[in-house]
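Reader: Hi! I'm new to reading structures, and I'd like to zoom in on a single residue and then see how its surroundings fit together. Could you walk me through one?

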Amino acid sequence: MKPIKNYLHFLARCGATALDGDWRYFAWVGLLFAICLLGLNAYTKQLVHGLIVTNMSDQVSWGVYIANFTFLVGVAAAAVMLVIPVYIYRNQELHDLVIFGELLAIAAILMCLGFVTVDLGRPDRFWHLIPGIGKFNFPGSMLSWDVIVLNGYLILNLHICGYLLYRRYQNKKPAWWAYMPFVFVGILWAVSIHTVTAFLYVGLGGRPFWNSAIVGPRFLASAFTAGPALIILALQVIRWVTDYRVSDRALLTLRSIVQVAMLINVFLLLNELFKEFYTGNLHVASAKYLYFGLHGHNALVPWIWTAIAFNLTAMVLLVLPASRSLKWLDVACVLAILGIWIEKGMGLVVPGFVPTPLGEVVEYSPSLNETLICLGIWAFGLLCYTVLLRVAVPILKGRLDGSSETLRPTLATNA
Amino acid sequence: MTNSCKCNHGGGGCSSGGGGGGSDSMNRRSFLRKSAIVASGVAAIAASLAPLRDLASFGSVDDFVQKHYKELSPEEMAKVLARITKEVEQQYKVRPHVRDLKPMDGVEFVYALNLTRCIGCRRCVHACVAENNQSRSPEIQYIRVLKMPNGTFDMEKGDHNYAPESVPEKGFFYMPVQCHQCKNPPCVKVCPVNATWQEPDGITVIDYNWCIGCRYCEAACPYWARRFNFTKPSIPKDKINPDMSYLGNRPRPQGVVEKCHFCLQRTRAGRYPACLEVCPTGARKFGNILDPNSEISYILKNKRVFVLKEEVGTLPRFFYYFDV
C-alpha cells in the first residue's frame, strides 16, 4: 500500500505545485484558461446546432480541425528527433532535454485528440471506437489504426516522462529496463503515428491530390522540421522563465536537425510540383487550385505562396552561418513553423476536396465559431504544456522531491 | 506541528496545522488562495457551458446504449422499431410504418441509366427527396445531375447549377450521379466503426444509430454520393413518407451520414425506386442481375454500357449507356 500512497502523495504535490507560482505564471495560465473557455463555449454551440456552425460542406467535408490535427501529429512525432541523438548517438548535450520534448509530444497528442473529437458529428457515440466495447473496423480502416497509434503514443510518453520524473522526485536512479524498451518502441511509434496519419489520405483512390506515395515522406520531413523548430523555441522560453539551464550548444544541435529536415522537405516539395505540373493530366486540378486558382476560385493561393516564401526563407537562413546566432535561428524557426502549418494544414486538406470528384468547385474558409474552437484547443495544449513544465522543472532541479515537504525556493526566475 | 486541527473548510480537507505561527498562516493563506483559484475556475467552466441548455439534438439513453445493427436480436430490433415509431409520431404527428426489410434471396440489384434519353429535368432528384424523407432545410439531395457539353467526360466541364427555361439544351447531355453501390466500396473500407456495409443484395447501407459522423466515407467516395446532416434535419409534417425502413428512409438524426440506398424500403418489397418511377423518358432501368431474363440483364449484355471512373477499381453496380 505504501508505494501507492507515496505515488498519490506525489501526484497531490504536483497538483499543488501547478497551482502555485508568481503573478506572471498566473497571468499566463489565466489567459490560456480564458481562451480555453471561449473555445469550450463555441464548442457547446456546435454541439447544440451541429457542424452547420462551421463552414464545412458536403463538398469540403473536412476543414481546419483536421488540418490542425494533421500538423500536430507531426509535432508530436518530432519528439523522437531529441530521443534519437540521445539514446542512439549518446549525445549528452540533449540528454536532459529529452523530457521537454516528450512533454511537448504529450501536449500535442492531447490537442490532436481534441481536434478529432470536435470534428465528430456524434461525439456522444465515441464509445463505438473503443476496441472490445464498440465495433472497431481494424485493420480495414486507417482511422482505426490512427486511434490505436495515437493513444498508444500518448501512453508511451506518459509512461516515460512520468517514470523518469517520479524517480527523480524519489532521488532514485531510473531502472533502464523500466523505460529504455519504451524509449526504443517510442522511436518507431513516433514514425508510425505520422505515417498512419499520412496513409489516412494516401489510401483514398478517389482523391488524386492525396493518393500519392510522396505524401508520407513529405509528412515526416515537414514534421521533423516544424517539431524540432518548435522545441528550439520552447527551450528558450523555458530557460528564460525558469532557472533551468539550456545550453546554446544543445540548441545548435537541434538546428542541424531542422536544417537537414528542411532541405529534404523542400526537395520533396519540388518532386511533387514536378510530377503534378509537368505531366499536366486532369489530376493536376487540385494542385492548380492550390497554387494558381481554378476557374476563378483562388482562396488558397495567397496562403500557399506565403507558406512557400516562409519555407524557402527559413531554408536559406538555416543553411547560412547567420542562424548560428540565436536571433536568426529563431526567425528561421518561426517562419518554418508557420510555413509548414499552412502547407500541412489547409494546404493539404482543403485542395484534396477541390474540385469535388464530380468536378464542382466549392471553396472553404473557417467560420468564426470554428476558429474559436481551434484557438481553444491550442490554448488547452499550451496550458497542458505550461502546467507539465511547471511541475517538471522543480523536479528536475531537485527542488521538488520526496525528501522534503516544502518546495525549495527558486534561486533565480529570470536570466 | 500537529495535523489534528479542526478547520472548517467545508469539504476542502485540511492541509495545514492549527495554531498561530507565521508559516501556518502562510499555509492557510496559500490553501485559501488555491481553493479560490479552483472554485473560480469551475464557476467559469460552468458559465461557458451555458449553451448546452438548448441541447436537444442527441437521443435518449436507449439510443445511446443501442447496439450495432448486426448485433441486435429480433426482439431488440422490435423494441428499436417501436421506439423510432414513437419518436417519429411525437415529432411529425404522423404514425409511420417502420420495418426492418431484409435483402431477398437470389437478388442483386443493378441500375442502368440511358444517357441518350436523360433530358436533365431533375424530377428524379425531387422524387428521391420526397420518398426518402431527406431534410428540406437545408435540403439534402442524393442525386446530382451534371449538364455536360457534348464531346467530353471531364466532369470539371460539367455544370451543376444549370437553370435554363427548358431542358434539354442543344449541344449538351445530362448525367445524373448517385450512389453507385460499388462491389468494392471505399466508403465501407474506411469507416472506423463499421457503421456502413454492403448487404447481400448489393446495397451499401448505413446504420444511422451507429455512425459517429467522422465523414471519412464522404472523403473516400469517388462519386461524391454521401451527404452529412450538418444540423437537425427539418421536414414539414405533411411531407413525411410514413412507409419507412430502418436502413433506408426513416428520418435521420443530426450529425450522421446518409446516401442513396436504391430506395430499399420499396425495392426490397418488389417495387421500383422512386427516381425510376418518376422518370418521364424511361432513361432509368433497374433490376436483378442474377435473373438472366430481367430487363437489366438484357441491357448489360446487349448495350454498350460503361461505368464512371473505372480506373479507381470500385466496380460500381450503376451503369451508363448510350442508345445510339
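Author: Happily! Here is a close look at one cysteine of chain B, followed by the strands around it in sequence, the whole chain and the contact with chain A. Keep in mind that this is a predicted model.

Let's begin with Cys118(B). You will find Cys118(B) in a loop of chain B, with β2 (109-114) on one side and α4 (123-131) on the other. Is Cys118(B) buried or exposed? Count the other C-beta atoms within 10 Å: there are 22, and because 20 or more is enough to count as buried, Cys118(B) is buried.

Which residues touch Cys118(B), leaving aside its neighbours within four places in sequence? They are Leu113(B), Tyr174(B), Pro176(B), Thr281(B) and Ala283(B). Now try a different partner, Asp100(B). Asp100(B) is 18 residues from Cys118(B) in sequence, and their C-alpha atoms are 33 Å apart in space.

Next, go to β2(B), the strand at one end of that loop. β2(B) pairs with β12 (residues 318-321) of chain B; the two are parallel and share four bridges. At one point of this pairing, Ala112(B) has Phe319(B) of β12(B) as its bridge partner. β12(B) also pairs with β11 (residues 305-306) of chain B, this time antiparallel and through two bridges. There, Val305(B) stands opposite Tyr321(B) of β12(B).

A handy thing to remember while you look at strands: in a regular strand, side chains alternate between the two faces of the sheet.

Now step back to the whole of chain B. It has nine helices and 12 strands. The radius of gyration of chain B is 28 Å, well over the 20 Å that the globule rule gives for 324 residues, so chain B is more spread out than a compact globule. Along the principal axes, its C-alpha atoms fill a box of roughly 100 × 45 × 40 Å. Of the 324 residues of chain B, 40% count as buried, and Cys118(B) is one of the buried residues. Take the contacts in chain B between residues at least 6 apart in sequence: 62% of them join residues at least 24 apart.

Finally, turn to where chain B meets chain A. The contact takes 54 residues from chain B and 47 residues from chain A. On the chain B side, the elements that each supply at least two residues are α1 (22-48), β3 (144-149), α5 (186-190), α6 (216-220) and β7 (227-228). The largest share, six residues, comes from α1(B). By type, this side of chain B divides into 32 nonpolar, 12 polar and 10 charged residues.

Key: Residues are numbered from 1 along each chain as its sequence is written. Chains are lettered from A and ligands numbered from 1 in the order in which they are written. This is a predicted model: local features need pLDDT of at least 70, side-chain atom pairs count only at pLDDT 80 or more; totals for chains, interfaces and linings use all residues. A residue is buried if 20 or more other C-beta atoms lie within 10 Å of its own, exposed if 12 or fewer, and partly exposed in between; C-beta atoms are placed from the backbone. Two residues are in contact if their C-beta atoms, placed from the backbone, lie within 7 Å. Two strands pair if DSSP finds at least two bridges between them. Ala, Val, Leu, Ile, Met, Phe, Trp, Tyr, Cys and Pro count as nonpolar, Asp, Glu, Lys and Arg as charged, and the others, Gly among them, as polar. The radius of gyration is taken over C-alpha atoms; the globule rule is 2.2 Å times the number of residues to the power 0.38.
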